[in-house]
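Thanks for passing this one along. Here are some notes to read beside the structure.

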Amino acid sequence: MSAEASIYLNGKILTMDDTGARASAVGVVGEKIVAVGTADQVRQSLPGGAREIDLHGKTMIPAFIDPHGHFPDPGFISLFRVNLSSPPLGGCRRLDHVFGKLRKKAGETPAGEWIMGVSFDHTAMEERRFPTRAELDAVSSTHPIWVIHASGHSGAANSMALERQGVTHTSEDPVGGRFLRDTDSGELNGVIEGLSAMGPLSDTHFLIDEERFHLGFEATRKEYLGQGVTFAQNSWAPLDMLRLFAAEARRGDPGIDLMILPTADTEPHLSNGSLDLDWPDNPHIRLGPRKLFSDGAFQMQTALLSEPYFKPANENYGICGLPYVEQHVLNAEVKKLHDLGYQIHTHANGDTGADMFLDALELALKANPRSDHRHTIIHGQVLREDQLDRMARLGVTVSFFSAHIYYWGDRHFDTFLGPERARRISPAKSAAQRGIRFTIHNDAAVTPTRPLHLVSCAVNRLTASGMVLGEDQKISAEQALRAHTIDAAWQVFLEHERGSIEPGKLAEFAVLSGDPIADPDGIAEMYVEETIRRGKTVYTAELCTAI
């Protein structure tokens, strides 16, 4: 049986190829693009009887590629957890709003079972603080309660949750983390900072079994397809998470393609087969770069900076942030992964956090030169000009968390970084001027997967209050679209198969309600009208559904 042939015509087709070409038609046979050009040119390249689909002048682009996120965490939030997000995402403005939602969930949950609140942001609360252990005990003393911060780098627990995790008043702070205490009594106040201190509480799959994983997977897939995303990423997969993805891979085609980033501690055991993991051969769910951390998050002021925070909140612990790892350990981990031949993605929010990774990488490259490695700094929110020069020299790429401009830009300006540094967060223009190929991301579920809004963040740099944060770091709509399509494919060595509309590549497209290049000021109001995956429509806004 021959593959179905289709021609999409009468559209504004932004190919995102190397030349930035525009076209009015594209021909597809089965899963692949076979021709791009005018309607007549494409018709000549396809067999007779090809189905013709009129785009009615609408804009078609390559489907979006998620360069950094935590699929399927958004589904876990919508199905199993208590969403405590603040404006502009949710309604929690005060701690009594938080307690009310947690109390309602506790009333619906059998005693002894966990209550998990997510997307909490203390910097958006009127009280500007976390709930205390005593306050969460007052919500329920018969349920373990864990409230994790929107950044994923901290949280607050009640007494039962601390007991379940074995955290006591004698627990010592690990490297890269801390158990906060009452200043008068010295007793634990319930707040835990840093991934090392949080332990299993930091895992996005905490309390998730195989059945819940599948349900969350399905919900997240539908959300992503509705936003024009056909290739997603889970960028922090320890062994237990790898097993859950393996179970999903055994089901067959999951309806969306995925790249999974194993944590660095799985190597070299993952590579030599000594892990207890049966990884299926499924082309839709593949392993990608290995993942490391050097520092924390801005909201917790644990991102590691070379200069103090504008309004330090952690004077007892350090006013420049917190390293998540000792330099000699990071050096060894980078060298191990580099020598094994893997690409490395390293979370580094602060500029000193980035220096830690660049120092480690320079040592690894000196001992073992490797061209076109595409090692990547994730977030890189306050990269300095000299660091960008160094990255260009070392061949390092970066994925910017440009959504921070909108969601936390005002607090960067007045609290975290101050006006001067805040205007330079996610310095995409400076990277482009050096020829550094970069991507942009939402880091879902830290911020929701909304590619067009993300593109607007990079292009218009508007905060939630409407302030332009860094006029001189704005990039063009085409640059931002490339950062979320072809450059995102390139960043993980997949530019040969996806990311642009060219013959031989996968037929994966998003049809938009407007033209971002013609109307950059209106990008945030645009939406995806249709998503095509491997030559088949998988979402239409008209039906408001994803298959």
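The points below go from the overall chain to its sheets and then to its helix contacts.

1. A word on the source before anything else: this is a predicted model. The secondary structure of the protein chain comes to 19 helices and 24 strands, so there is plenty to look at, and I have picked out a few regions.

2. On overall dimensions, the C-alpha atoms fit a box of roughly 80 × 55 × 55 Å along the principal axes. The radius of gyration is 23 Å, and because a compact globule with 547 residues would have a value near 24 Å, the two agree.

3. Please look next at the open sheet of 5 strands, whose order is 16-17-18-19-20 and whose pairing is parallel. Its edges are strand 16 (290-293) and strand 20 (438-440), each of which pairs on one side only. On average, neighbouring strands in this sheet are turned by 20° against each other, direction ignored.

4. At one edge of that sheet, strand 16 runs parallel to strand 17 (residues 344-348), and 4 bridges join them. If you would like a residue to centre the view on, try R290, whose bridge partner in strand 17 is I344. Helix 10 (residues 327-339) lies across both strand 16 and strand 17 and runs at about 170° to strand 16.

5. How do helix 10 and helix 11 cross? Their axes come within 9 Å, at an angle of roughly 45°, with helix 11 spanning residues 351-367. That angle makes helix 10 oblique to helix 11. The crossing is right-handed.

6. The side of helix 10 that meets helix 11 includes L330, V334 and H338, while the residues of helix 11 that take part include M356, F357 and L363. By class, the residues of this contact divide into 10 nonpolar, 3 polar and 2 charged.

7. A second open sheet has 4 strands in the order 6-13-14-15, again with parallel pairing. Strand 6 (64-65) and strand 15 (285-287) are the edge strands, and each pairs on one side only. Within the sheet, strand 13 (residues 229-237) and strand 14 (residues 257-262) run parallel and are joined by 5 bridges. F231 has D257 of strand 14 as its bridge partner.

8. Which strands does helix 8 lie across? Helix 8 (residues 239-249) lies across strand 13, strand 14 and strand 15, at about 150° to strand 13.

9. Helix 8 also packs with helix 7 (residues 210-226), at an angle of about 70° and with the axes 10 Å apart. The two helices are therefore roughly perpendicular to each other, and their crossing is right-handed. Helix 7 contributes E210, F213, H214 and F217 to the contact, and helix 8 contributes M241, L244, F245, A247 and E248. These residues divide into 6 nonpolar, 1 polar and 2 charged.

10. Lastly, have a look at strand 5 (residues 59-62), which pairs with strand 1 (residues 5-14) in the parallel sense over 2 bridges. Here K12 has T59 of strand 5 as its bridge partner. Strand 5 is also joined to strand 21 (residues 509-512) by 4 bridges, and this pair runs antiparallel. I61 stands opposite A510 of strand 21. Strand 5 thus takes part in both a parallel pairing and an antiparallel one.

Definitions and conventions:
Residues numbered from 1 in each chain as written. Predicted model: local features only at pLDDT ≥ 70, side-chain atom pairs only at ≥ 80, totals over all residues. Heavy atoms only, no water. Pairing = 2+ DSSP bridges. Axes fitted to C-alpha atoms, helices over the stretch in contact; angles between N-to-C directions. Contact = heavy atoms within 4.5 Å. Parallel < 35°, antiparallel > 145°, perpendicular 65-115°, else oblique. Left-handed = near helix turned anticlockwise from the far one by under 90°. Nonpolar A, V, L, I, M, F, W, Y, C, P; charged D, E, K, R; others polar. Rg over C-alpha atoms; globule rule 2.2 N^0.38 Å.
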